[in-house]
Amino acid sequence: MEKIERDFYLRDPEEQADFLQQTWCNECQQVDLGMTDPVEYELDGKIAIEGKCKKCKSTVTTEIASEDEDDVWQ
Ligand SMILES: [Zn+2]
């Protein structure tokens with residue numbers, strides 16, 4: 001599937017802050033460590049934000065439930 005890049009920074013600042021805070025890191029096995037360098041993209045109809053774990057710098061991905069936002073974006 002093609003990965004379509006989106007602009008994370010178009011989101012509300014509050015929403016951005018939430019997504020940067022609410023993470024799951026597979027390496028640390030911990031939630032909410034936070035991420036840096038967020039990149040938002042769409043893959044296979046799903047929106048996700050990929051960034052780096054603040055603690056270990058591994059890649060962390062947050063999938064966004066997009067049920068009520070689909071219409072706005074089309
Ligand atoms: Zn980590």
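In the predicted model, strands E1 and E4 are paired in the antiparallel sense, and four bridges connect them. Within this pairing, Ile4 has Glu42 in E4 as its bridge partner. The pair belongs to an open sheet of four strands, arranged in the order E1-E4-E5-E6 with antiparallel pairing. Strand E1 (3-6) and strand E6 (59-64) occupy the edges of this sheet, and because each has a single partner strand, one side of each remains without a neighbour in the sheet. Averaged over the sheet and with direction ignored, neighbouring strands are turned by 35° against each other.

On the other side of the order, E4 is joined to strand E5 (residues 46-53) by seven bridges, and these two strands also run antiparallel. Several individual bridge partners can be placed along this pairing: Thr36 stands opposite Lys52 in E5, Tyr41 is partnered by Ala48 in E5, and Leu43 has Lys46 in E5 as its partner. The hairpin formed by E4 and E5 has two residues between the strands, and Asp44 adopts a positive phi near 55° in that hairpin.

Strand E5 is in turn paired with E6, again in the antiparallel sense, over six bridges, and one of the partnerships in this pairing links Ile47 to Ile64 in E6. E5 and E6 likewise form a hairpin, here with five residues between them, and Lys57 in the turn has a positive phi of about 70°.

Tyr41 illustrates how a single position in this sheet relates to the strands on both sides. The residue is located in strand E4 (residues 35-43), where, with neighbours within four places in sequence left aside, Tyr41 is in contact with Lys3, Ile4, Glu5, Arg6, Ala48 and Glu50. Of these contacts, Ala48 is also the bridge partner of Tyr41 in E5. The C-alpha atoms of Tyr41 and Arg6 are separated by 5.0 Å, although the two residues are 35 residues apart along the chain. Is Tyr41 buried or partly exposed? Tyr41 counts as partly exposed because 16 C-beta neighbours are found inside 10 Å, whereas the buried class requires 20 or more. As a general matter, side chains in a regular strand alternate between the two faces of the sheet.

At the level of the whole chain, the model contains two helices and six strands, and the elements follow one another from the N terminus in the sequence β-α-β-β-β-β-β-α. Buried residues make up 11% of the 74 residues in the chain. Among the contacts in the chain with a separation of 6 or more, 39% are accounted for by residues 24 or more positions apart; the contact of Tyr41 with Arg6, at 35 residues apart along the chain, falls within that range of separation.

Definitions and conventions:
Residues are numbered from 1 along each chain as its sequence is written. This is a predicted model: local features need pLDDT of at least 70, side-chain atom pairs count only at pLDDT 80 or more; totals for chains, interfaces and linings use all residues. A residue is buried if 20 or more other C-beta atoms lie within 10 Å of its own, exposed if 12 or fewer, and partly exposed in between; C-beta atoms are placed from the backbone. Two residues are in contact if their C-beta atoms, placed from the backbone, lie within 7 Å. Two strands pair if DSSP finds at least two bridges between them. Axes are lines fitted to C-alpha atoms, for helices over the stretch in contact, and angles run from 0 to 180 degrees between N-to-C directions.
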